[in-house]
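Welcome! Please take a moment to look over the sequence and the 3D view, and then follow the topics below at your own pace.

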Amino acid sequence: MPKVPFNWPYVTGHEFAYMQRAIADLHVSGDGQFTRKCHAMLEEMLGVPRVLLTTSCTHALELAALLLDIQPGDEVIVPAFTFVSTLNAFVLRGAWPVFADVRPDTLNLDEALLERLITPRTKAIVVVHYAGVACEMTPIMDAAQRHGIPVVEDNAHGLLGKYKGKNLGTFGCLASQSFHETKNFHCGEGGALVINDSGYYQRAEILREKGTNRSRFFRGEVDKYTWVDVGSSYLPSDLLAAFLCAQLEAREFIQDRRRRIWDLYRAQLSGWAKEKGVALPTVPAHCEQPAHLFYLLLPTEADRDALIAHLKKRDIYAVFHYQPLHLSEMGRKFGGLEGQCPVTESVSGRLVRLPLYTAMTEAEQSAVVAGLMEFDWKSLAADKRR
Ligand SMILES: Cc1ncc(COP(=O)(O)O)c(C=O)c1O
């Protein structure tokens, strides 16, 4: 039986040659030729005017919080079921996170709750397209527009996903992408800020370059560069952009492989899942998901934990995902209470992510499926009775 890791960072084979070229060209700091190539590819893939590479999705979200001028006491609506960076980037600026529960089907921010969470202090709504399956963007954008509140999309999982035919990451005024090694396209650690509202472009460039107009200086638009705003250093080395460039160039191949693996999981597990009361990911008909992750929702947390342990005994590494943020140590400091987000609290304990990586072999995937089929539900029931 093969050992099956949860993730295996894919390498196309061109990364090293591109990195060597960056070194030979003596430009390894940020915004070199490979960064420009990545910007152009991402802009073309998404059909947007501006993308800026960042050192992570977390940093792209920090840039978004700076661009929206989030101030202490401002409220930011966020899903309770997400990665900590979705809100930490805003909390860092003094924002108060307002936790929204998620839908039981897509595990995305429940748009039906939005109106009652919006107050005069709401300064942003941050949505996460979990597993790259879109949030209900039509009602979300309608509510946001009605109240004049900007929407930021944390699209860490959703590059190439679509909602009603439109790319995820192109709905909010700003969106973030992740190129962490667990993502479909990666450079170890990396990210991008997608700028859909051109009013933010000039300032984004400055904030990303330590609060200076250095980018304008490099383009020959000013004769020296100087301190013009607050800022930090959010641009990655061109070595990382060179790595990412190879990945983005191979996007069709990568997506094809991942889609096949995702579809096979769905086809091979649907009968078993129905019989055992296990839910597979819900993808509404108007959404296209980018095969980033495949999860199961088990009937109970005990089932989920026992299944992870059962697979681990077979050297198969399946993992849980987010803990409810409103019940975390920090979340409770922001008023998080048990029962506040019941769907988040329920799914978080029952969710398990299956191994899914671009280079996954048929034998590895078959081992995962066989491992699931051989999970002994009866002994679990006996355990529970004891
Ligand atoms: C929804 C979400 N947002 C943000 C991040 C952070 O991404 P990064 O590691 O690129 O900062 C993650 C991490 O996986 C995530 O799942």
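**Cavities and overview**

Searching the whole structure turns up 4 cavities of 30 Å³ or more. Please keep in mind that this is a predicted model. Its strands include an open sheet of 7 and another open sheet of 3, while the search for disulfides finds 0.

- The largest cavity holds about 70 Å³ of space.
- Which residues line the largest cavity? They are A156, H157, G158, L159, Q177, S178, K183, N184, F185 and H292.

**The sheet of seven strands**

- Going across this open sheet, you meet the 7 strands in the order β1-β9-β8-β5-β4-β2-β3, and their pairing is mixed.
- Which strands stand at the edges? They are β1 (50-54) and β3 (96-100), each of which pairs on one side only.
- On average, neighbouring strands here are turned by 20° against each other, if direction is ignored.
- As background, strands of a sheet pair through backbone hydrogen bonds, and they can do so in parallel or antiparallel fashion.

**Strand pairs to find in the sheet**

- Start at β1, which runs antiparallel to β9 and is joined to β9 by 5 bridges.
- Within that pair, V51 stands opposite V194 of β9.
- Although β1 is an edge strand, it is mostly covered, with 4 of its 5 residues buried.
- Next come β8 (residues 174-178) and β9 (residues 191-195), an antiparallel pair joined by 5 bridges.
- Here L174 has I195 in β9 as its bridge partner.
- For a parallel example, look at β4 (residues 122-128) and β5, which are joined by 4 bridges.
- In that pair, V126 is matched with V152 of β5 as its bridge partner.
- In a regular strand, the side chains alternate between the two faces of the sheet.
- Strand β5 (residues 151-154) is covered on both faces: V151 and E153 are buried on one side, and V152 and D154 are buried on the other.

**Helices against the sheet**

- Helix α2 (residues 33-46) lies across β1, β8 and β9, and runs at about 130° to β1.
- Helix α7 (residues 201-208) also packs on the sheet, where it touches β1 and β9.
- The direction of α7 makes about 10° with that of β1.

**The sheet of three strands**

- A further open sheet has 3 strands in the order β7-β6-β10, with antiparallel pairing.
- Strands β7 (166-167) and β10 (287-288) each have a single partner strand, so one side of each is left without a neighbour in the sheet.
- Strand β6 (residues 162-163) is joined to β7 by 2 bridges, and the two run antiparallel.
- Across this pair, Y163 stands opposite K166 in β7.

**Two loop residues with positive phi**

- Between β6 and β7 there is a loop that contains K164.
- K164 is not a glycine, yet it has a positive phi of about 50°.
- Is K164 buried or exposed? With 52% relative accessibility, K164 counts as exposed.
- L26, found in the loop between α1 (15-24) and α2, has a positive phi too, near 60°, and is likewise a residue other than glycine.
- L26 has a relative accessible area of 77%, so it is exposed.

**A buried loop residue**

- A134 sits in the loop between β4 and α6 (137-147).
- Its relative accessibility is 2%, so A134 counts as buried.
- Leaving aside residues up to four places away in sequence, A134 touches N108, H129, K162, Y163, L168 and C287.
- A134 and D229 are 95 residues apart along the chain, and their C-alpha atoms are separated by 35 Å.

**Cysteines without disulfides**

- A disulfide is a covalent bond between the sulfur atoms of two cysteines.
- A search of the whole structure finds 0 of these disulfides.
- C173 is in no disulfide, and the nearest cysteine sulfur, that of C135, is 15 Å away.
- C173 has a relative accessible area of 14%, so it is buried.
- Why does C187 not form a bond with C38? The sulfur of C38 is the closest cysteine sulfur to that of C187, but the two are 7.8 Å apart, which is too far for a bond.
- C187 is also buried, at 7% relative accessibility.

Note on methods:
Residues are numbered from 1 along each chain as its sequence is written. This is a predicted model: local features need pLDDT of at least 70, side-chain atom pairs count only at pLDDT 80 or more; totals for chains, interfaces and linings use all residues. Side-chain values use heavy atoms; hydrogens and water are left out. A disulfide is a pair of cysteine sulfur atoms within 2.5 Å. Buried means under 20% relative accessible area, exposed over 50%, partly exposed in between (1.4 Å probe, protein chains only). Two strands pair if DSSP finds at least two bridges between them. Axes are lines fitted to C-alpha atoms, for helices over the stretch in contact, and angles run from 0 to 180 degrees between N-to-C directions. Contact means heavy atoms within 4.5 Å. On a 1 Å grid over the protein atoms alone, a cavity is a set of points where a 1.4 Å probe fits but cannot get out, and a pocket is an open set with protein on both sides within 12 Å along at least five of seven lines; lining residues have an atom within 4 Å of a point. Grid points are joined across faces, edges and corners, and a volume is the space filled by probe spheres set on the points.
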